[in-house]
Amino acid sequence: MSARKTELPQGTLDLLVHQVAAHGPIHGYGIAQRIRQISPEVLQVRQRSLYPALHRLENRKLLVAEWKPSDTGRDARFYRLTRKGRAQLQEQTESWARLAAAVGLILGTAGGGAQ
């Protein structure tokens, strides 16, 4: 059985990019692949969303990038979190945990299920 693909909810891409980049330098394609792999292919990140997000995060000094050879031998931009990016990741992770807990409570209430 294959996993159903789901579009990323608004506002989650930055958090996911931060989390993946927190583990060390990684290129854009690698970020998209890692998100897909970790989420059993449920979350899909499209290039048209990913690369503008990477540039935006770099402009906000949350990521830094440098050109290095990739596994294929071609040069690629490898992104890593800055100190400011790590602080942002911590903040966003705590915020999402609170939100997920609140939504879980609402979904778990008696009579709160879909009819």
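**Salt bridges and helix packing in a predicted chain**

A search of the whole structure finds 4 salt bridges. The model is a predicted one, and the values below are computed from its atoms.

One of the bridges joins the side chains of D14 and R60, with an N to O distance of 4.0 Å. D14 belongs to helix α1 (residues 13-21) and R60 to the loop between α3 (47-59) and β2 (63-69), so this bridge ties together parts that lie 46 residues apart in sequence. The two partners fall in separate accessibility classes: D14 counts as buried at 13% relative accessibility, and R60 counts as partly exposed at 39%. The pair also belongs to a wider arrangement, since D14, R56 and R60 are linked in a network of salt bridges.

A second bridge is formed by R77 and E58, whose side chains meet at 2.6 Å, N to O. This pair links distant parts of the chain as well, with R77 in strand β3 (residues 75-81), E58 in helix α3, and their positions 19 residues apart. R77 is partly exposed, with a relative accessible area of 22%, whereas E58 is among the buried residues of α3. Another bridge pairs the side chains of E41 and R36 at 3.1 Å, N to O. E41 counts as partly exposed, at 40% relative accessibility.

Two further side-chain searches can be reported beside the salt bridges. The charged end of K68 sits over the ring of F78, at 5.4 Å from the ring centre. The count of aromatic pairs comes to 0.

The chain as a whole gives the setting for these pairs. It holds 4 helices and 3 strands, which follow one another along the sequence in the pattern α-β-α-α-β-β-α. Along the principal axes, the C-alpha atoms fill a box of roughly 55 × 35 × 20 Å. Of the 115 residues, 30% count as buried. Among contacts with a separation of 6 or more, 56% are between residues 24 or more positions apart.

Helix α3 carries E58, already met above as a partner of R77. At 1.5 Å a residue, the 13 residues of α3 should span 18 Å, and the 18 Å between its end C-alpha atoms agrees with this. Which residues of α3 are buried? They are L50, A53, L54, L57 and E58. Seen down the axis of α3, these buried residues fall within an arc of 130 degrees, so they line one face of the helix. The periodicity behind such a face is a general one: an α-helix has 3.6 residues a turn, so residues three or four places apart point the same way. On the other side of α3, R48 and N59 are exposed. The buried residues of α3 pack against four elements, namely α1, α2 (28-38), β2 and β3.

After α3 comes K61, whose phi is positive, near 65 degrees. K61 is also one of the residues in contact with T82. T82 is found in the loop between β3 and α4 (83-107), and T82 is buried, with a relative accessible area of 14%. Leaving aside neighbours within four places in sequence, the contacts of T82 are K61, L62, L63 and V64.

Helix α4 begins where that loop ends. It has 25 residues and reaches 36 Å from its first C-alpha to its last, close to the 36 Å expected at 1.5 Å a residue. The buried residues of α4 are G85, L89 and Q92, and they pack against α1 and β3.

Q92 leads back to the starting point. Where does D14 lie? D14 lies in helix α1, and the C-alpha atoms of D14 and Q92 are separated by 9.0 Å although the two residues are 78 residues apart along the chain. Not counting residues up to four places away in sequence, D14 touches A53, R56, L57, R60 and Q92. Of these, A53 and L57 are among the buried residues of α3, R56 and R60 are linked with D14 in the network of salt bridges, and Q92 is one of the buried residues of α4.

Note on methods. Residues numbered from 1 in each chain as written. Predicted model: local features only at pLDDT ≥ 70, side-chain atom pairs only at ≥ 80, totals over all residues. Heavy atoms only, no water. Phe/Tyr/Trp six-rings, centres within 6.5 Å; stacked < 30°, edge-to-face > 60°. Lys NZ or Arg CZ within 6 Å of the ring centre and 35° of its normal. Helix = DSSP H or I, 4+ residues; strand = E, 2+ residues; numbered from the N terminus. Buried < 20%, exposed > 50% of the residue type's maximum accessible area, 1.4 Å probe, protein only. Expected span 1.5 Å × (residues − 1). Arc of directions from axis to C-beta. Contact = heavy atoms within 4.5 Å.
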